[in-house]
Amino acid sequence: MHPATAKWYDRRDSVFIEFCVADSKDVKVNFDKTKCGFSCLGGTDNVKHENEIDLFEAIDENESKHKRTDRSVLCYLRKAQPGKAWPRLTKEKAKLSWLSVDFNNWKDWEDDSDEEMGNFDQFSDMMNNMGGEDDLPDLDGADDVSIFFSTFYIHK
């Protein structure tokens, strides 16, 4: 048995864990007040994966859910105490080789405020009003933002 590779991130009311197992079968996810258990068969060779996590804080096991896709199993853990940040997923500080932070989805929500969002909107307006039409490259109607940025930086 091998633990599945997993990524996690924190939100105000919940914690998300993504178990990265392609083509998973026989998926079992168990939510307990202070634990999360995961097991499945994965890949074309049906490797048995099993993970047991002692959670940093308590969750509402009745409101926690999971969803399987062809690439992974995403678990939504509803916090028992919403609004309390989790500095780590596990109760113990030990580093687990199969667990990492999902920085693509991580958000420092603790510092969010309506005032800061207003400042962001003002900043966006300022950025949109800077420069003229002549400063931007001709995109020939392309909708892809990445084409815009790669074209913009190549022309600079």
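This section describes aromatic pairing, a buried strand residue and the polar contacts of an aspartate in a predicted model. Residues are numbered from 1 along each chain as its sequence is written, and side-chain values use heavy atoms, with hydrogens and water left out. As the model is predicted, local features need pLDDT of at least 70 and side-chain atom pairs count only at pLDDT 80 or more, while totals for chains, interfaces and linings use all residues.

Across the whole structure, 5 aromatic pairs are found. The ring centres of Tyr9 and Phe16 lie 4.9 Å apart with their planes at 15 degrees, so this pair is stacked. Rings of Phe, Tyr and Trp (its six-membered ring) pair if their centres lie within 6.5 Å; planes under 30 degrees apart count as stacked, over 60 as edge-to-face and the rest as tilted. Ring pairs join Tyr9, Phe16 and Tyr76 in a cluster. Tyr9 is buried at 11% relative accessibility, and Phe16 is buried at 16% (buried means under 20% relative accessible area, exposed over 50%, partly exposed in between; 1.4 Å probe, protein chains only).

Val73 belongs to strand S7, residues 73-78 (strands are DSSP runs of E, at least two residues, numbered from the N terminus). With 0% relative accessibility, Val73 is buried. Its C-alpha atom is separated by 7.1 Å from that of Val21, 52 residues apart along the chain.

Asp10, in strand S1 (residues 6-10), is buried at 2% relative accessibility. Its side chain forms a polar contact of 2.6 Å with the side chain of Lys79 and reaches the backbone nitrogen of Trp86 at 3.2 Å. A polar contact is a pair of N or O atoms within 3.5 Å; within protein, one must be able to donate a hydrogen and the other to accept it, and residues adjacent in sequence count only if both atoms are side-chain atoms.

Conventions: Helix = DSSP H or I, 4+ residues; strand = E, 2+ residues; numbered from the N terminus.
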